[in-house]
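Please load the model in your viewer and keep the selection panel open. The stops below are meant to be taken in order.

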Amino acid sequence: MNTGRPWRVAVLGPGGVGGLVGALLARAGHQVTFLGGEATVRAVREHGMQVRSGMFGDFTVQAEADTELREPVDVCLVTVKQNVLGAALDRVSPAALGDGLVVPLLNGIEHPAALRGRYRPELVVPGVIRVASTRVAQGIVEHGSPFVEIDLASATTSSERLDELVAVLDGAGVRATTRDDEAAMLWGKLFFLAPFALMTTHHKCPVGEMRTVHRAELVDLVAEIAALSRAAGVPADVDAALRFYDAFPPEAKSSMQRDAEAGRPLELDAIGGALLRIAEQHSVAMPLTERLVADLARLSEGSAPA
């Protein structure tokens, strides 16, 4: 792998996140292939990947699209929802991947182990992304935040390969940073995401109402998850989490809430289910999380397929 030449990039799941990052990499001169279903492939082949962004401007890139990976790449970005991860990975066989890095930008904390079970462990580089970006139609992405930031950390990949990946992302306009501790990075994202996702979806409210009308419950839930994080060996700061929610625009909604409103399947197992499984491993009681997950599971059972 060499940052002096264009990289070969696969994007598995070109939705709001994958479509945006893949388009930015293509605009920077890299060879990008978007992997998805037949409708996505047809849209990208006929019209390109279209981005509407206040930060980057409106632009369209012409890129390859296919239903599966057919030749080795330098990196494969995995940007599907975790509830369809297993089926999506059928599009990227280990043989076709070659020596390419696998970079999941998923919610949750359990997916790195699953990916390392399918691909060589030294190739898997977990990441977390901060961005507001939505696929509004096949091959069309609207980017609403004034930033695109990715943190990367891997307990199994060399620092040299991480540095090369960071340089490629930075060169495309994505602010990328390496972190020393993979577990701390993933727990940090889950710690802030889980209360936001579970409570806004359960109460059908934006963050402004969550942090005011339902503040007592929010404080209890954050404290409950913080106790689990500490039991798992990762410190957690309850006050910092509350300041984080207080800084959000009051109208902000979680992606889980938007999925619920649209009748799409929820990432409940990747977020709430993961917390409860880890709690069982560490014998940590989480009654509030259990109640919210149980209530949302009934909602999720009624969701239509994506």
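This tour of a predicted model goes from strands to a helix and then to salt bridges.

**Strands 1, 2 and 5**

Select residues 31-35, which form strand 2. Four of these five residues are buried, so strand 2 is largely enclosed by the rest of the structure. Add strand 1, residues 8-12, which pairs with strand 2 in the parallel sense over five bridges. The route from strand 1 to strand 2 passes through helix 1 (residues 16-27), and this β-α-β crossover is right-handed.

Now show strand 5, residues 64-66, which runs parallel to strand 2 and is joined to it by three bridges. Centre the view on Phe 34: Val 11 stands opposite this residue of strand 2, and in strand 5 its bridge partner is Ala 65.

**The annotated domain and helix 11**

Select residues 185-294, a span that an unreviewed UniProt entry annotates as "domain: Ketopantoate reductase C-terminal". The span is 73% helix and 0% strand, and its end C-alpha atoms lie 27 Å apart.

Within that selection, pick out residues 255-262, helix 11. Which side chains should be shown here as buried? They are Met 256, Gln 257 and Asp 259. These three cover an arc of only 160° around the axis, which puts them on the same side of helix 11. The buried residues of helix 11 pack against helix 7 (182-203), helix 12 (268-282) and helix 13 (287-301). Step on to Gly 263, which follows helix 11 and has a positive phi, near 75°.

**Salt bridges**

The whole structure holds 21 salt bridges. Select Arg 8 and Asp 74, whose side chains meet in one of them at 3.2 Å, N to O. Arg 8 belongs to strand 1 and Asp 74 to the loop between strand 5 and strand 6 (75-78), so the pair ties together parts that are 66 residues apart in sequence. Arg 8 is partly exposed, at 31% relative accessibility, whereas Asp 74 is buried, at 2%.

Next, select Asp 246 and Arg 215, which form a salt bridge with the closest N and O atoms 3.0 Å apart. Asp 246 is in helix 10 (residues 238-246) and Arg 215 in helix 9 (residues 215-231), so this pair ties together parts 31 residues apart in sequence. Asp 246 is partly exposed at 37% relative accessibility, and Arg 215 is partly exposed at 28%.

For the last stop, show Arg 130, Glu 149, Asp 151, Arg 175 and Arg 179, which are linked in a network of salt bridges.

Terms used:
Residues numbered from 1 in each chain as written. Predicted model: local features only at pLDDT ≥ 70, side-chain atom pairs only at ≥ 80, totals over all residues. Heavy atoms only, no water. Buried < 20%, exposed > 50% of the residue type's maximum accessible area, 1.4 Å probe, protein only. Helix = DSSP H or I, 4+ residues; strand = E, 2+ residues; numbered from the N terminus. Pairing = 2+ DSSP bridges. Right-handed = clockwise from strand over helix to strand, strands pointing away. UniProt positions renumbered as here; feature names shortened; annotations may be inferred. Arc of directions from axis to C-beta. Contact = heavy atoms within 4.5 Å. Salt bridge = Lys/Arg side-chain N within 4 Å of Asp/Glu carboxyl O.
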